[in-house]
Amino acid sequence: MKVTMTVNGSQVDAEVPDRTLLVHFLRDQAGLSATNVGCDTSSCGACTVLLDGRSVKSCTLLAAQADGRSVVTLEGLANGDGELHPVQRAFRAEHGLQCGFCTPGMVMATVSLLEENPAPTEEEVRTALEGNLCRCTGYHNIVRAVLAAAGERQAS
Amino acid sequence: MIPAPFTYRRAWSVDEAVDLVARDGEDAKFLAGGHSLLPLMKLRLAVPQTLVDIGRLAELSYIRDEGDHIAVGAATTHGELAGSGLLARELPLLSRAAGQVGDPQVRHCGTIGGSLAHADPAADLPAVVLTLDATLVARGPSGSREIAAADFFRGLFETALEPGELLTEIRVHKPAAAGWAFQKFNKRAIDWAIVGVAVQGNRVSLVNMGQTPVRAAGVEAALTGGASARDAAAHAAEGTSASDDLNATRAYREHLARVLVRRAVEAAQA
């Protein structure tokens, strides 16, 4: 089927098999490889992207379900000048990553969280990131990064 | 992992969805959020030939106060249930339980109707609608009918829905009985409940203590007779048929049921 969606502000359309998963559409058709396939079973969150502004696991959605809708991946966060998004800056400043595999999903989950809850407590951050696993177990710095990003967002 | 090939169709109305599924018979399935169905399809535990997408139907996505009852559209997501001010006031058990399904990403996609129609005994919302004595509305090629939650869950992944019938609405009478609580125990937050408990007034239902959600009849009778939470909870495992699996033995599940029922009833009565 023909699938058309807005990815990071640009229209992407492609003829794909009906069974194509959104994560494969993003990686193989849109050519955006920041979104990782981790567990492939909607547990780990490495494939998290924003669909119409809300975090979703792109390994458990069909590309067809995103047809006509708007998707944002990690590549869509920095502005055109290459200036990092506040959440990206906070992950770097707080060393919120180790091997980096879970990071795109963590960042996208954080962007969605801060839209829904701009000033989360530490406990709320930990609860909101339940669906994102870090096999390096770098959670403390990730939580610090999310809190720092929330603080910067509030200040600006 | 990707699903076996199938034909995807998007329905633009409930009538069209029912027609499309009727056309392809038992090889067709409704797709709402897909968070129960797509994982099964990746594992080839479900191999439908046609998926009819109802996930964007506004006519299935609502939470309304209808005076004597609350009506919830079947394609309302867990996140929408959890964020509803109306539910927080009228049916906090439903909104709080929905807010504990899976994780935020899952709650942005998964729907109440999908969860009920999937009928996983480890899912949270089937036990909640059983406790709330909800009425489920289904539409098929020959029209709509109402099914009591008590008659809806027939077995493991089996419901009273006929082939081609679509769950469209969940109705709960108001006001709900005073006092509610939802408790579940799992190893990681995103996992299915090893055991869960939903309480509203003196009605108590258990998650994952059998092939379907079950009312804890012994607990309810004890509570109605004036027993304390502790004494009533001692009856929690009576009549249940919990399974042994790698998460827990049956005996451990029975222990958990007694502990969680005591905690839930105490919370509901507090």
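Biologist: Why are H2(A) and H5(A) called oblique to each other?

Modeller: In this predicted model, helix H2 (residues 86–93) and helix H5 (residues 139–155) of chain A pack at an angle of about 135 degrees, with their axes 8 Å apart. Roughly perpendicular ends at 115 and roughly antiparallel begins over 145. The angle falls between those limits, and H2(A) and H5(A) are therefore oblique. Their crossing is right-handed.

Biologist: Which residues make the contact of H2(A) with H5(A)?

Modeller: H2(A) brings A:Pro86, A:Val87, A:Ala90, A:Phe91 and A:Ala93, and H5(A) brings A:Ala145, A:Ala148, A:Ala149, A:Glu152 and A:Arg153. Eight of these residues are nonpolar, none is polar and two are charged. Glu and Arg count as charged, and the contact includes A:Glu152 and A:Arg153.

Biologist: What makes the pair H2(A) and H3(A) oblique?

Modeller: The axes of H2(A) and helix H3 (residues 103–116) of chain A cross at roughly 130 degrees and come within 10 Å. That angle also lies between the 115 and 145 cut-offs, and the two helices are therefore oblique. The crossing of H2(A) and H3(A) is right-handed. A:Val87, A:Gln88 and A:Phe91 of H2(A) meet A:Thr103, A:Val107, A:Thr110 and A:Val111 of H3(A). By class, the residues of this contact are four nonpolar, three polar and no charged. A:Val87 and A:Phe91 of H2(A) appear both in the contact with H5(A) and in the contact with H3(A).

Biologist: Turning to single residues, what makes A:Ser42 count as buried?

Modeller: A:Ser42 has 26 C-beta neighbours inside 10 Å, and 20 or more make a residue buried. A:Ser42 therefore counts as buried. Its place is in the loop between helix H1 (22–29) and strand S3 (48–51) of chain A. A:Ser42 also has a positive phi of about 55 degrees, although it is not a glycine. Most residues other than glycine have a negative phi.

Biologist: Is A:Thr137 counted as buried or exposed, and why?

Modeller: A:Thr137 has 9 C-beta neighbours inside 10 Å. The limit for exposed is 12 or fewer, so A:Thr137 counts as exposed. The residue lies in the loop between helix H4 (122–128) and H5 of chain A. Its phi is near 60 degrees, a positive value in a residue other than glycine.

Biologist: Why is A:Gly80 called exposed?

Modeller: There are 6 other C-beta atoms within 10 Å of A:Gly80. Set against the limit of 12 or fewer, that count makes A:Gly80 exposed. A:Gly80 sits in the loop between strand S5 (70–72) and H2 of chain A. From A:Gly80 to A:Arg27 there are 53 residues in sequence and 21 Å in space, C-alpha to C-alpha.

Biologist: In chain B, how do you know that helix H8 is largely enclosed by the rest of the structure?

Modeller: Eight of the eight residues of helix H8 (residues 124–131) of chain B are buried, so H8(B) is largely enclosed. The buried residues are B:Asp124, B:Leu125, B:Pro126, B:Ala127, B:Val128, B:Val129, B:Leu130 and B:Thr131. Just after H8(B), B:Asp133 takes a positive phi of about 55 degrees.

Biologist: How do you know that the radius of gyration of chain B agrees with a compact globule?

Modeller: A compact globule of 270 residues would have a radius of gyration near 18 Å, and chain B has 18 Å, so the value agrees. The C-alpha trace of chain B spans about 55 × 45 × 30 Å along its principal axes. Of the 270 residues, 53% count as buried. Chain B has twelve helices and 14 strands. Among its contacts between residues at least 6 apart in sequence, 61% join residues at least 24 apart.

Biologist: What makes the peptide bond between B:Lys174 and B:Pro175 cis?

Modeller: Omega for the bond joining B:Lys174 and B:Pro175 is about -5 degrees, and the bond is cis. B:Pro175 is in the loop between strand S10 (166–173) and strand S11 (180–185) of chain B. Most peptide bonds are trans.

Biologist: Which element gives the most to the side of chain B that touches chain A?

Modeller: The contact takes 22 residues from chain B and 25 residues from chain A. H6(B) gives the most to the side of chain B, with five residues. By class, that side of chain B has 13 nonpolar, seven polar and two charged residues.

Conventions:
Residues numbered from 1 in each chain as written. Chains lettered and ligands numbered in written order. Predicted model: local features only at pLDDT ≥ 70, side-chain atom pairs only at ≥ 80, totals over all residues. Axes fitted to C-alpha atoms, helices over the stretch in contact; angles between N-to-C directions. Helix = DSSP H or I, 4+ residues; strand = E, 2+ residues; numbered from the N terminus. Parallel < 35°, antiparallel > 145°, perpendicular 65-115°, else oblique. Left-handed = near helix turned anticlockwise from the far one by under 90°. Contact = placed C-beta atoms within 7 Å. Rg over C-alpha atoms; globule rule 2.2 N^0.38 Å.
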